[in-house]
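The following exercises invite the reader to work through a single structure step by step. Please look over the sequence and the structure before turning to the tasks.

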Amino acid sequence: MKVREILRVKGGTLFTATPEQPLSAAIALMAELDAGSLVVMESGEMVGMLTFREVLKSLKDGGACPPDMKVADVMVRNPVTAYPDMEANELRRLMIEKHSRYLPVLDGKLLMGVVSFLDVAKAVLEEQGLENLMLKNYIKNWPDEPAA
């Protein structure tokens, strides 16, 4: 299974923020959308990622979200990325190695979407279910041995 197939199953919805957006507004958007990450976009290009991990770190360090704190102050610049033809196992290994729950998927400079560890788990589970069903049908329809 490739990353492009995971994106197809997941759908193309993309949640974004801008670097100059107040962090408090980005947090409110993440809560409203029940999203664990926002892609930070500027002039049509991805410049970073904001995930709940960065939000929690900033709150821990500052005690509260100062009104003048911007997304750019806490976002991950140059995040680890995936590409559409990456195999799912390679993607999982990368996510584990880099401790990344969310990876933007880029085709060159074009942002295709974001995959989460949950998206990967769902896609793999669906693929295994389909393979299991196909194997059961194959076994069920196995020709009987001719009588000797």
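Below are four exercises, each followed by its solution.

This is a predicted model, in which local features need pLDDT of at least 70 and side-chain atom pairs count only at pLDDT 80 or more, while totals for chains, interfaces and linings use all residues. Residues are numbered from 1 along each chain as its sequence is written, and side-chain values use heavy atoms, with hydrogens and water left out.

**Exercise 1. The sheet**

Task: Determine in which order the four strands of the open sheet are arranged, and which strands lie at its edges.

Solution.
Step 1. Helices (H or I, at least four residues) and strands (E, at least two) are taken as DSSP runs and numbered from the N terminus. Two strands pair if DSSP finds at least two bridges between them.
Step 2. The order of the open sheet is E1-E2-E3-E4, with mixed pairing. Strands E1 and E4 are the edge strands, since each pairs on one side only.
Step 3. Strand E1 (residues 16–17) runs parallel to E2 and is joined to it by two bridges. In one of them Thr16 has Val39 of E2 as its partner; Ala17 is partnered by Val40 of E2.
Step 4. In general, strands of a sheet pair through backbone hydrogen bonds, either parallel or antiparallel.
Step 5. For the surroundings of E2 (residues 37–42), the following classes apply: buried means under 20% relative accessible area, exposed over 50%, and partly exposed in between (1.4 Å probe, protein chains only). Five of the six residues of E2 are buried, which leaves this strand mostly covered.

**Exercise 2. The salt bridges**

Task: State how many salt bridges the structure holds, and describe the pairs formed by Lys2, Arg4 and Lys10.

Solution.
Step 1. A salt bridge is a side-chain nitrogen of Lys or Arg within 4 Å of a carboxyl oxygen of Asp or Glu. The structure holds four of them.
Step 2. Lys2 and Glu87 meet through their side chains at 2.9 Å, N to O. The pair links distant parts of the chain, 85 residues apart: Lys2 belongs to the segment before helix H1 (3–10), and Glu87 to the loop between E4 and H4. Lys2 is partly exposed because its relative accessibility is 28%; Glu87, at 36%, is partly exposed.
Step 3. Arg4 forms a salt bridge with Asp85, and their closest N and O atoms are 3.0 Å apart. Because Arg4 lies in helix H1 and Asp85 in the loop between E4 and H4, the pair ties together parts that are 81 residues apart in sequence. The relative accessibility of Asp85 is 42%, so Asp85 counts as partly exposed; Arg4 is partly exposed with 37%.
Step 4. Lys10 and Asp119 form a salt bridge at 3.2 Å, N to O. Helix H1 holds Lys10 and helix H5 (residues 117–140) holds Asp119, so this pair ties together parts 109 residues apart in sequence. Lys10 counts as partly exposed at 36%, whereas Asp119 counts as buried at 13%.

**Exercise 3. Separation along the chain and in space**

Task: For Thr81 and Val105, Glu45 and Leu111, and Ser100 and Gly11, give the C-alpha separation and the separation along the chain.

Solution.
Step 1. Thr81 is placed in the loop between E4 and H4 and is partly exposed, given its relative accessibility of 28%. Its C-alpha atom is 5.7 Å from that of Val105, with their positions 24 residues apart along the chain.
Step 2. Glu45 is in strand E3 (residues 45–51) and counts as partly exposed at 39%. The C-alpha atoms of Glu45 and Leu111 are separated by 7.9 Å, and the two residues are 66 residues apart along the chain.
Step 3. Ser100 occupies the loop between helix H4 (88–97) and strand E5 (102–107). A relative accessible area of 16% is why Ser100 is buried. Ser100 and Gly11 are 20 Å apart, C-alpha to C-alpha, and 89 residues apart in sequence.

**Exercise 4. The location of Asp68**

Task: Is Asp68 buried or exposed, and where does it lie?

Solution.
Step 1. Asp68 is found in the loop between helix H3 (52–62) and strand E4 (76–77).
Step 2. Asp68 counts as exposed because its relative accessibility is 59%.
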